[in-house]
Amino acid sequence: MTKIKVTKVKSAINRTQTQKRTLESLGLRKIGQTVEHENTPSILGMVNKVKHLVSVEEAK
């Protein structure tokens with residue numbers, strides 16, 4: 001499977017509790033932090049929920 005890089009670009013302050021938990025489950029805590037995940041439907045669904053807070057790119 002391919003991998004994607006997810007980077008947190010905006011703060012989670014004044015966001016709903018579900019969005020905060022989604023960021024935490026993705027492994028994102030600080031702004032600018034990047035994590036690498038497999039390109040699975042569950043990961044893509046979580047990224048879609050917080051797409052306004054993260055940036056996504058395909059990993060090599």
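Me: What do the buried residues of H1 pack against?

Reply: They pack against E1, strand E2 (34–38), H2 and strand E3 (54–58). The labels come from DSSP runs, where a helix (H or I) needs at least four residues and a strand (E) at least two, numbered from the N terminus. Packing here rests on contact, that is, heavy atoms within 4.5 Å. This is a predicted model, in which local features need pLDDT of at least 70 and side-chain atom pairs count only at pLDDT 80 or more, while totals for chains, interfaces and linings use all residues. Residues are numbered from 1 along each chain as its sequence is written, and side-chain values use heavy atoms, with hydrogens and water left out.

Me: Which are the buried residues of H1, and what puts them on the same side?

Reply: The residues are Gln 19, Thr 22, Leu 23 and Leu 26. They share a side of H1 because they cover an arc of only 100° around the axis, the arc being that of the directions from the helix axis to the C-beta atoms. On the other side of H1, Arg 21 and Glu 24 are exposed.

Me: Why is Thr 22 called buried?

Reply: Buried means under 20% relative accessible area, exposed means over 50%, and partly exposed is in between (1.4 Å probe, protein chains only). Thr 22 has 13% relative accessibility, so it counts as buried. Residues up to four places away in sequence aside, Thr 22 touches Met 46, Lys 49 and Val 50.

Me: How do you know that a polar atom of the Thr 22 side chain and the backbone oxygen of Thr 18 make a polar contact?

Reply: A polar contact is a pair of N or O atoms within 3.5 Å; within protein, one must be able to donate a hydrogen and the other to accept it, and residues adjacent in sequence count only if both atoms are side-chain atoms. The two atoms lie 2.7 Å apart, so the distance fits that limit.

Me: Gln 19 is in helix H1 too; what makes Gln 19 buried?

Reply: Its relative accessible area is 19%, so Gln 19 counts as buried. Leaving aside neighbours within four places in sequence, Gln 19 is in contact with Lys 49, Val 50 and His 52.

Me: What makes the largest nonpolar core a core?

Reply: A nonpolar core is a set of buried Ala, Val, Leu, Ile, Met, Phe, Trp, Tyr and Cys residues joined through side-chain atoms within 4.5 Å. The largest one has 12 residues, including Ile 4, Leu 23, Leu 26 and Ile 43. Strand E1 (3–8), helix H1 (17–26) and helix H2 (41–49) each supply at least two residues of this core. In soluble globular proteins, nonpolar side chains tend to be buried together. Not counting residues up to four places away in sequence, Ile 43 touches Ile 4, Leu 26, His 37 and Glu 38.

Me: Why is the pair of Glu 38 and Lys 3 called a salt bridge?

Reply: A salt bridge is a side-chain nitrogen of Lys or Arg within 4 Å of a carboxyl oxygen of Asp or Glu. The N to O distance for Glu 38 and Lys 3 is 3.2 Å, so the pair meets that limit. The pair links distant parts of the chain, with Glu 38 in strand E2 and Lys 3 in strand E1, 35 residues apart. A search of the whole structure finds 1 salt bridge.

Me: Is Lys 3 buried, exposed or partly exposed?

Reply: Lys 3 is at 32% relative accessibility, so it counts as partly exposed.

Me: How do you know that Lys 8 has no salt bridge?

Reply: Lys and Arg count as positive and Asp and Glu as negative, while His and the chain ends are not counted. For Lys 8, the nearest side chain of opposite charge is Glu 24, 8.9 Å away, so the pair falls outside the limit for a salt bridge. Lys 8 is in strand E1 and is buried.

Me: What is notable about the phi of Asn 14?

Reply: Phi of Asn 14 is near 65°, a positive value in a residue other than glycine. Most residues other than glycine have a negative phi. Asn 14 is in the loop between E1 and H1, and with a relative accessible area of 76% it is exposed.
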